[in-house]
Amino acid sequence: MQQVKAKKALGQHFLTDLSVAQRIADTVNEYKGTPVLEVGPGMGVLTQFLLQAEHDLKVVELDKESVDYLNAAYPDELRDRIVAADFLKLNLKETMGDGKMVIIGNYPYNISSQIFFKVLDYKDQVVCCSGMLQREVAQRIAAGPGSKTYGILSVLLQAWYDIEYLFTVDEHVFNPPPKVKSGVIKLERNNVTDLGCDERLFKSVVKTSFGMRRKTLRNSLKSMFPAGSPTLENEIFKMRPEQLSVQQFIDLTNMVAAEKTTEN
């Protein structure tokens with residue numbers, strides 16, 4: 001069977017090491033019985049192990065050549081399980097139903113951050129998100145306060161998920177080899193159902209704070225407060241965004257909300 005040609009525009013790097021694919025597939029073994037959606041299966045190197053584990057599996061693939069390959073390689077196993085679409089444009093409730101789901105994949109490097117922002121949109125359904133992406137992005141997602149890589153995605157995801165960086169994958173196990181190493185991470189939904197602050201404002205505060213990450217919060221967030229606000233004298237505003245825990249960002253959000261209430 002003719003191999004699929006990797007397309008640079010789609011960020012395709014096909015994993016060739018079966019032992020790595022098996023390890024990635026194994027990260028969701030405890031979720032058997034929960035519907036699994038694989039993003040970007042390509043030629044099915046990860047798919048085959050998910051099928052062997054008898055997961056309730058669907059795969060979403062944008063590349064027509066890959067869809068044709070999967071239909072030919074797994075005519076019975078993947079019948080009615082292939083969604084030929086762009087994951088970023090997919091309505092996951094229409095595709096997977098209203099219940100809990102697991103997302104897994106060897107994620108295209110060029111959209112990996114967007115994939116995780118989409119997971120956040122479905123956080124009440126996505127109980128686990130596991131897979132491989134560029135190592136730097138994986139490390140950023142898993143980074144804690146005080147790390148240079150700790151940022152917007154770290155805070156927003158860690159508010160709702162327990163995150164573990166599992167292992168690093170070298171360049172030579174891909175065709176074509178990427179120019180960077182890859183990292184495998186696992187996100188599992190925590191018990192938080194309510195942050196204790198306005199969620200939309202929380203996102204805005206986090207994004208605004210890291211928009212000027214080298215500055216103190218007094219400088220980066222001053223536009224959210226009236227001139228001369230005494231709230232800005234709070235010790236937290238002397239800190240830089242990478243120093244704050246998720247809970248401190250929640251506290252910060254409530255300070256902004258209180259100021260807006262006072263204004264009104």
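**Why these labels?**

Q: What makes F116 count as buried in this predicted model?
A: F116 has a relative accessibility of 1%. The cut-off for buried is under 20%, so F116 gets the label.

Q: And Y107, buried or exposed?
A: Buried: its relative accessible area is 1%, and under 20% is what the word asks for.

Q: Why is the contact between Y107 and F116 called an edge-to-face aromatic pair?
A: There are two tests. Ring centres have to lie within 6.5 Å, and here they are 5.6 Å apart. For edge-to-face, the planes must be over 60 degrees apart; Y107 and F116 come in at 75 degrees. So the pair passes on distance and on angle.

Q: How many aromatic pairs turn up in the whole structure?
A: Four. Elsewhere, ring pairs tie Y150, F210 and F249 together as a cluster.

Q: What makes R23 a charge over a ring?
A: Its charged end sits 3.7 Å from the centre of the F167 ring. The distance limit is 6 Å, and the charge must also lie within 35 degrees of the ring normal. K118 does something similar over the face of F87, at 5.8 Å from the ring centre.

Q: How do you know that C128 isn't in a disulfide?
A: Look at its closest cysteine sulfur, which belongs to C129: the gap is 7.1 Å. A disulfide needs sulfurs within 2.5 Å, so that's too far for a bond. A search of the whole structure finds zero disulfides. As for accessibility, C128 is at 0% and counts as buried, while C197, at 12%, is buried as well.

Q: How do you know that helix α8 has the span expected of its residues?
A: Helix α8 covers residues 199–211, which is 13 residues. At 1.5 Å a residue it should span 18 Å, and its end C-alpha atoms are 18 Å apart, so the two agree.

Q: Which residues of α8 are buried, and what puts them on one face?
A: The buried ones are L201, F202, V205, V206, S209 and F210. Seen down the axis of α8, they fall within an arc of 155 degrees, so they line one face. The spacing makes sense: an α-helix has 3.6 residues a turn, so residues three or four places apart point the same way. On the other side of α8, R200 and G211 are exposed.

Q: What makes the link between D198 and R200 a polar contact?
A: At the start of α8, a side-chain oxygen of D198 comes to within 2.9 Å of the backbone nitrogen of R200. The limit for such a contact is 3.5 Å, so the distance fits.

Conventions
Residues numbered from 1 in each chain as written. Predicted model: local features only at pLDDT ≥ 70, side-chain atom pairs only at ≥ 80, totals over all residues. Heavy atoms only, no water. Phe/Tyr/Trp six-rings, centres within 6.5 Å; stacked < 30°, edge-to-face > 60°. Buried < 20%, exposed > 50% of the residue type's maximum accessible area, 1.4 Å probe, protein only. Helix = DSSP H or I, 4+ residues; strand = E, 2+ residues; numbered from the N terminus. Expected span 1.5 Å × (residues − 1). Arc of directions from axis to C-beta. Polar contact = N/O pair within 3.5 Å; in protein donor to acceptor, adjacent residues only side chain to side chain.
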